[in-house]
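Hi,

Here is the structure I promised to pass on to you. Please open it alongside this email, and I'll walk you through what turned up.

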Amino acid sequence: MSTQSSTHVRRAVATAEPVDAEPVTIDADALESTAPGDLRDLRAALADEGYVPAGLRVEAEFGADCSIETQREADRLRSLLRAASQLGAGELVVEPGAVVDPAKVRPALDALAERADREGVSLTVEGDVSGGRTDSDGGA
């Protein structure tokens with residue numbers, strides 16, 4: 001983290017007021033829809049119940065040795081990244097599961113990491129993608 005952004009964070013936190021809300025990480029399978037209106041309603045319902053969405057967790061499916069299936073899964077992950085952003089969640093946690101072809105998956109996760117940076121959402125890839133980066137500092 002750069003000194004400038006660290007200073008910005010400290011200044012923002014210094015003016016913050018604590019709230020009585022419990023942060024939760026939502027499992028992507030629990031989302032009925034990723035439509036913006038539905039996500040707004042979910043965010044409001046969570047707030048009414050005393051929760052704040054901190055993250056969205058998804059189990060990725062990279063078990064097929066097929067570029068089309070890998071692209072389809074990458075598209076689904078992008079949709080969930082957008083959903084995390086619209087929920088106000090600061091993190092998307094991806095559990096890659098079994099990865100058949102890391103050479104196909106790594107570029108997809110790298111592109112997702114770039115999108116996450118643009119959306120202001122931290123991307124965390126849990127586990128090893130056989131040589132792929134698995135940090136949450138923009139890599140996947």
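Below are my notes on the sheet, one of its helices, a loop residue and the core.

Please keep in mind that this is a predicted model.

Let's start with the sheet. It is open and made of four strands in the order 1-2-3-4, with parallel pairing. Strand 1 (22–27) and strand 4 (122–125) sit at the edges, each pairing on one side only. On average, neighbouring strands are turned by 25° against each other, direction ignored. If you want a spot to zoom in on, try the pairing of strand 3 (residues 91–95) with strand 4, which runs in the parallel sense over four bridges. There you will find Val93 opposite Thr124 of strand 4.

Next comes helix 3 (residues 67–87), which packs on the sheet and touches strand 1, strand 2 (51–59) and strand 3. The direction of helix 3 makes about 175° with that of strand 2. Its length checks out too: at 1.5 Å a residue, its 21 residues should span 30 Å, and the end C-alpha atoms are indeed 30 Å apart.

Which residues of helix 3 are buried? They are Thr70, Glu73, Ala74, Leu77, Leu80, Leu81, Ala83, Ala84 and Leu87. An α-helix has 3.6 residues a turn, so residues three or four places apart point the same way. The partners that the buried residues of helix 3 pack against are strand 1, helix 2 (36–48), strand 2, strand 3 and helix 4 (102–119). Right after the helix comes Gly88, with a positive phi near 85°.

Thr34 also deserves a look. You will find Thr34 in the loop between strand 1 and helix 2. Is Thr34 buried, partly exposed or exposed? With a relative accessible area of 31%, Thr34 counts as partly exposed, because that value lies between the 20% and 50% cut-offs. Leaving out residues up to four places away in sequence, Thr34 touches Leu39, Ser79, Leu80, Ala83 and Gln86. Thr34 and Ala84 are 50 residues apart along the chain, yet their C-alpha atoms are separated by 9.2 Å.

Finally, the core. The largest nonpolar core has 29 residues, and Leu56, Leu92 and Val94 touch the most other members. Two or more residues each come from strand 1, helix 2, strand 2, helix 3, strand 3, helix 4 and strand 4. Helix 3 gives the largest share, six residues. Beyond its neighbours within four places in sequence, Val94 has contacts that include Val58, Leu77, Leu112 and Thr124.

Happy browsing, and best wishes!

How values were computed:
Residues numbered from 1 in each chain as written. Predicted model: local features only at pLDDT ≥ 70, side-chain atom pairs only at ≥ 80, totals over all residues. Heavy atoms only, no water. Pairing = 2+ DSSP bridges. Axes fitted to C-alpha atoms, helices over the stretch in contact; angles between N-to-C directions. Contact = heavy atoms within 4.5 Å. Expected span 1.5 Å × (residues − 1). Buried < 20%, exposed > 50% of the residue type's maximum accessible area, 1.4 Å probe, protein only. Core = buried A, V, L, I, M, F, W, Y, C linked by side-chain atoms within 4.5 Å.
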